[in-house]
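This report describes the fold and the charged contacts of one protein chain. It proceeds from salt bridges to the overall layout and then to individual positions.

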Amino acid sequence: MMIRSASRSLVLTLQRDIRPASVVHPFFLHPEGFRKPTDAGEQFAHVGPHTQRRNITTGRQCCAVSNVQDVEAKEGFLKRFITKMGWIDNSAARLRVSSCLLYESVVDHINYREFFKLYDMPDTFNTWFLITELHVWMLLVRSMAEGAEKGAAGRFMRNCIVETLWNDVTTRAKQLTMDNPSAVRPQIQQLSEQFQAALISYDEGISYDDKALAAALWRRFLGGRCDDYEKLELLVEYVRKQVAMLDQLSRYDFAIKPNLKWTPLVDSKQRMV
């Protein structure tokens, strides 16, 4: 879905474009600061059958991306009628809601305990973040396939997903450190810096081959402490399956009415073995 040059541009544009909601303190993010996502009143164009498209690859999959200006220029009567009737809600408000639902699909439906058990990870706030971060990154990759240009729906969704992540992280961290609120700031600051580095590492890994992806997962997700290469191979396969699943989702099932089912880390057949 993304070319290799998008690896670093993803994080660089995140640094320019995203800042947390008003409830999130600026120290939670990189010192350069982020811009708040586009105003909720902004409308985004729809994808039509005759829209000019360009391809963004992730190394294996290919997903079409629409140019917003071309779509707006060619939007016809039928498309305006469908939008007016409310059959396809592609407004910024709808996209913001969809972004929250996509993030919730991670924290509500991913089996964290399965990761803890298989990879001998302690059940801590930091390991919860590592698992969440990996799945959020996959959502960001898929979001950018809906348009990476300024003002595009995909870029707006990416910003909203990251904003939702940091809102959730802040809330959880405060709940865990109620007796020592001063400890929240340095922890979140560290997570923010690690998150930005992880985006680059994972993006470069998915853009090359399984060896590069395995190296990225071993360094970040496993902290360089996994000597069982079968487990590492399983994790690489898991990421590839999830990325393929997200690639196959239509714009409607991803951006308008999110309908995705994360693949289990270990399927029923593997459990029997």
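A salt bridge is counted where a side-chain nitrogen of Lys or Arg lies within 4 Å of a carboxyl oxygen of Asp or Glu. In this predicted model, Lys241 and Glu237 satisfy that criterion, because their closest N and O atoms are 3.3 Å apart. Both Lys241 and Glu237 belong to helix α10, where four residues, or about one turn of the helix, separate them. Lys241 is partly exposed, with a relative accessible area of 36%. Glu237 is likewise partly exposed, at 37% relative accessibility. Salt bridges with shared partners also connect Arg142, Glu146 and Arg251 into one network.

**Overall layout**

The chain comprises 12 helices and two strands. Read from the N terminus, the order of elements is α-β-β-α-α-α-α-α-α-α-α-α-α-α. Of the 273 residues in the chain, 51% are buried.

**Salt bridges**

How many salt bridges does the rule yield? The count comes to seven. Side chains of opposite charge can pair when their charged atoms come close. Three of the pairs are listed below with their N to O distances.

| Pair | Distance (N to O) |
|---|---|
| Glu133 and Arg220 | 2.8 Å |
| Asp168 and Arg172 | 3.0 Å |
| Lys241 and Glu237 | 3.3 Å |

The side chains of Glu133 and Arg220 meet in a salt bridge with an N to O distance of 2.8 Å. This pair links distant parts of the chain, since Glu133 sits in helix α6 and Arg220 in helix α9, 87 residues apart. Are the two partners buried or exposed? Glu133 has 1% relative accessibility and therefore counts as buried. Arg220, at 17% relative accessibility, counts as buried too.

The bridge between Asp168 and Arg172 lies within helix α7, which covers residues 153–176. Its two members are four residues apart, about one turn of the helix. Asp168 has a relative accessible area of 17% and is therefore buried. Arg172, by contrast, counts as partly exposed because its relative accessibility is 29%.

**Helix α10 and the charge before it**

Helix α10 spans residues 229–248 and contains Arg240. With 11% relative accessibility, Arg240 falls under the 20% limit and so counts as buried. What does the side chain of Arg240 contact? A polar contact of 2.9 Å joins the side chain of Arg240 to that of Asp210.

A patch of negative charge on the surface is formed by Asp227, Asp228, Glu230 and Glu233. One of these residues, Asp228, is located in the loop between α9 (210–220) and α10. Asp228 counts as partly exposed because its relative accessibility is 33%.

**Positions along and beside helix α6**

Asp120 is found in the loop between α5 (112–118) and α6. Its backbone has a positive phi of about 50°, although Asp120 is not a glycine. Why does Asp120 count as exposed? Its relative accessibility is 63%, and exposed means over 50%.

Helix α6 runs over residues 125–144 and includes Asn126. Asn126 has a relative accessible area of 36%, so this residue is partly exposed. Asn126 and Gln187 are 61 residues apart in sequence, while their C-alpha atoms are 9.4 Å apart in space.

Ala145 has its place in the loop between α6 and α7. At 1% relative accessibility, Ala145 counts as buried. How far apart in space are Ala145 and Asp247, C-alpha to C-alpha? The distance is 8.7 Å, although the two residues are 102 residues apart in sequence.

**Summary of the charged positions**

Within helix α10, the chain places the partly exposed Lys241 one turn, or about that, from Glu237, and the buried Arg240 in a polar contact with Asp210. Elsewhere, the salt bridge of Glu133 and Arg220 connects helix α6 with helix α9, whereas that of Asp168 and Arg172 stays inside helix α7.

Notes: Residues are numbered from 1 along each chain as its sequence is written. This is a predicted model: local features need pLDDT of at least 70, side-chain atom pairs count only at pLDDT 80 or more; totals for chains, interfaces and linings use all residues. Side-chain values use heavy atoms; hydrogens and water are left out. Buried means under 20% relative accessible area, exposed over 50%, partly exposed in between (1.4 Å probe, protein chains only). A polar contact is a pair of N or O atoms within 3.5 Å; within protein, one must be able to donate a hydrogen and the other to accept it, and residues adjacent in sequence count only if both atoms are side-chain atoms. Patches are made of residues with over 30% relative accessible area and no salt bridge: like charges are joined within 9 Å, nonpolar side chains (Val, Leu, Ile, Met, Phe, Trp, Tyr) within 5 Å. Accessible areas come from the Shrake-Rupley method with a 1.4 Å probe; for residues, only the protein chains shown count as cover. Lys and Arg count as positive and Asp and Glu as negative; His and the chain ends are not counted. The place of a charge is taken as NZ of Lys, CZ of Arg, CG of Asp or CD of Glu.
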